[in-house]
Amino acid sequence: MIFWMLACLSEPTEEKRRTYHVEKELVYRQIEDVTLLGDLAWPEGDGPFPTVILIHGGGFKEGSREDDSIQKWSELLLDAGFATFNIDYRLKDDMPSPLFPGPVEDVKCAVRWLKAQEYPIDPERVFLLGGSVGAHLALMAAFTADKEGF
């Protein structure tokens, strides 16, 4: 599956680049005094589009939905016909100890929020993709119950 995805996401030529819509700084969760934001983008054309939620790395202490690696993945996925939702989650300095399971709950909240919106996305085809701790959060969110909390 990974090799197929990488093959499909090779750098497009200029004539294959898509144009897309972007909505930045969408509030997907407000918890205590922390506002969690996401940037949603989708290709021009008829939807609904399969959607990938992109989760940055950073060891729970740094990183952002605007990281270069997340932006690169987003562009490749958009050019391949996917919508993307690049999210932030609570970091170590955003919450008291213990950190866990806060970031997992944030990712799960992003999934629920996205599926409830009226954007041209397919709520039955929402995927999670992350690097480093973002991959860890993607797996934890995918393998826990589909409900609020942990």
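Visitor: Which residues of helix 3 are buried?
Guide: In this predicted model, they are Gly-102, Pro-103, Val-104, Asp-106, Val-107, Lys-108, Cys-109, Ala-110, Val-111, Trp-113 and Leu-114.

Visitor: What makes helix 3 count as largely enclosed?
Guide: The tally does: 11 of its 14 residues are buried, so the rest of the structure largely encloses helix 3. Those buried residues pack against strand 1, strand 2, strand 3, strand 4, strand 5 and helix 4 (133-142).

Visitor: How do you know that the span of helix 3 is close to the expected one?
Guide: From its first C-alpha to its last, helix 3 reaches 20 Å, and 20 Å is what is expected for 14 residues at 1.5 Å a residue.

Visitor: Asp-106 is on your list, so why is it called buried?
Guide: Buried means under 20% relative accessible area. Asp-106 has 0%, so it counts as buried.

Visitor: What makes Arg-90 and Asp-106 a salt bridge?
Guide: The cut-off is a nitrogen to oxygen distance within 4 Å. The closest N and O atoms of Arg-90 and Asp-106 are 2.9 Å apart, so the pair qualifies. This pair links distant parts of the chain, 16 residues apart: Arg-90 sits in the loop between strand 4 (83-87) and helix 3 (102-115), and Asp-106 in helix 3. Arg-90 is buried as well, because its relative accessible area is 6%.

Visitor: How many salt bridges does a search of the whole structure find?
Guide: The search finds 9. Another of them joins the side chains of Asp-39 and Arg-65, at 3.0 Å from N to O. Here too, distant parts of the chain are linked: Asp-39 is in strand 2 (residues 34-43) and Arg-65 in the loop between strand 3 (49-55) and helix 2 (68-79), 26 residues apart.

Visitor: Why is Asp-39 called buried?
Guide: Its relative accessibility is 5%, and the limit is under 20%, so Asp-39 is buried. Arg-65 has a relative accessible area of 5% and is therefore buried too.

Visitor: What makes Arg-65 and Glu-66 a salt bridge?
Guide: Their side chains meet at 3.8 Å, N to O, and the cut-off is within 4 Å, so this pair passes. Glu-66 is called partly exposed because its 45% lies between the limits of 20% and 50%.

Visitor: Which residues do salt bridges with shared partners join into one network?
Guide: That network holds Lys-24, Glu-25, Asp-39, Arg-65, Glu-66 and Asp-88.

Visitor: Let's turn to the sheet. What is its strand order?
Guide: The open sheet has 5 strands in the order 1-2-4-3-5, with mixed pairing.

Visitor: Why are strand 1 and strand 5 said to stand at the edges?
Guide: Strand 1 (20-31) and strand 5 (121-130) each have a single partner strand, so one side of each is left without a neighbour in the sheet. From one strand to the next, the twist averages 25 degrees.

Visitor: How do you know that strand 3 and strand 5 pair?
Guide: Pairing takes at least two bridges, and 6 bridges join these parallel strands, so they pair. Val-52 stands opposite Phe-127 in strand 5.

Visitor: Which strands does helix 2 lie across?
Guide: Helix 2 lies across strand 1, strand 2, strand 3, strand 4 and strand 5, and runs at about 165 degrees to strand 4. Helix 3 also packs on the sheet, its direction making about 125 degrees with that of strand 1.

Methods. Residues are numbered from 1 along each chain as its sequence is written. This is a predicted model: local features need pLDDT of at least 70, side-chain atom pairs count only at pLDDT 80 or more; totals for chains, interfaces and linings use all residues. Side-chain values use heavy atoms; hydrogens and water are left out. Helices (H or I, at least four residues) and strands (E, at least two) are DSSP runs, numbered from the N terminus. Buried means under 20% relative accessible area, exposed over 50%, partly exposed in between (1.4 Å probe, protein chains only). Axes are lines fitted to C-alpha atoms, for helices over the stretch in contact, and angles run from 0 to 180 degrees between N-to-C directions. Contact means heavy atoms within 4.5 Å. The expected span of a helix is 1.5 Å times one less than its number of residues.
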